[in-house]
Amino acid sequence: MGPGGTPERGDPVTIATYHEVIEELAGPTRELRAAAPDAWAGFGALHKAAVGDGVLPARVKELMALAIAVVKHCDGCIAYHAKAAARRGASPEELSVALLMDGGTASVYGPRAWQAYQEFAAATSAADRTARAQVAS
């Protein structure tokens with residue numbers, strides 16, 4: 001496995017769920033944040049500024065980041081940005097550009113992004129239904 005949980009050429013890839021990808025990265029992420037707090041804070045500030053609402057809506061920025069994650073072949077990035085895109089209301093139709101920009105390898109990582117998006121969109125929809133039910137009662 002390469003950086004960010006990215007498989008290297010020849011590595012077998014088994015991804016149960018993208019929730020698990022995020023869970024798997026949680027411990028090492030905490031350790032890195034503790035080891036390099038200033039650098040991590042800088043990255044966090046950059047991330048917040050880059051994907052927040054602005055000239056482009058945050059939803060569009062997360063879709064852009066998801067397309068880049070496909071092109072970079074990063075399962076961790078796919079998980080995080082698919083989750084954020086789903087939470088920000090991205091539609092299934094909005095995910096297609098990732099396939100265009102990476103050709104053949106996107107035929108592998110594009111479906112991974114699709115799978116991750118569906119997983120998080122389903123969880124987001126379930127949470128929305130629960131919240132609406134609680135408000136209605």
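Two rings of Phe, Tyr or Trp (for Trp, the six-membered ring) are taken as an aromatic pair if their centres lie within 6.5 Å; planes under 30 degrees apart count as stacked, over 60 as edge-to-face and the rest as tilted. The structure, a predicted model in which local features need pLDDT of at least 70 and side-chain atom pairs count only at pLDDT 80 or more, while totals for chains, interfaces and linings use all residues, holds two such pairs. Residues are numbered from 1 along each chain as its sequence is written, and side-chain values use heavy atoms, with hydrogens and water left out.

One pair is formed by Trp-40 and Phe-43, whose ring centres are 5.6 Å apart with the planes at 50°, so the pair is tilted. Both residues belong to helix α2 (residues 37–51), where three residues, about one turn of the helix, separate them; helices are DSSP runs (H or I, at least four residues), numbered from the N terminus. Trp-40 is partly exposed, with a relative accessible area of 25%, and Phe-43 is likewise partly exposed, at 47%. Here buried means under 20% relative accessible area, exposed over 50% and partly exposed in between (1.4 Å probe, protein chains only).

Trp-114 and Tyr-117 make a stacked pair, with 5.9 Å from centre to centre and 25° between the planes. These residues are three apart in helix α6 (residues 103–136), or about one helical turn. Trp-114 is partly exposed at 34% relative accessible area, whereas Tyr-117 is buried at 6%.

A charge also sits over a ring (NZ of Lys or CZ of Arg within 6 Å of the ring centre and within 35 degrees of the ring normal): Arg-112 lies over the face of Tyr-109, 4.6 Å from the ring centre.

Methods. Helices (H or I, at least four residues) and strands (E, at least two) are DSSP runs, numbered from the N terminus.
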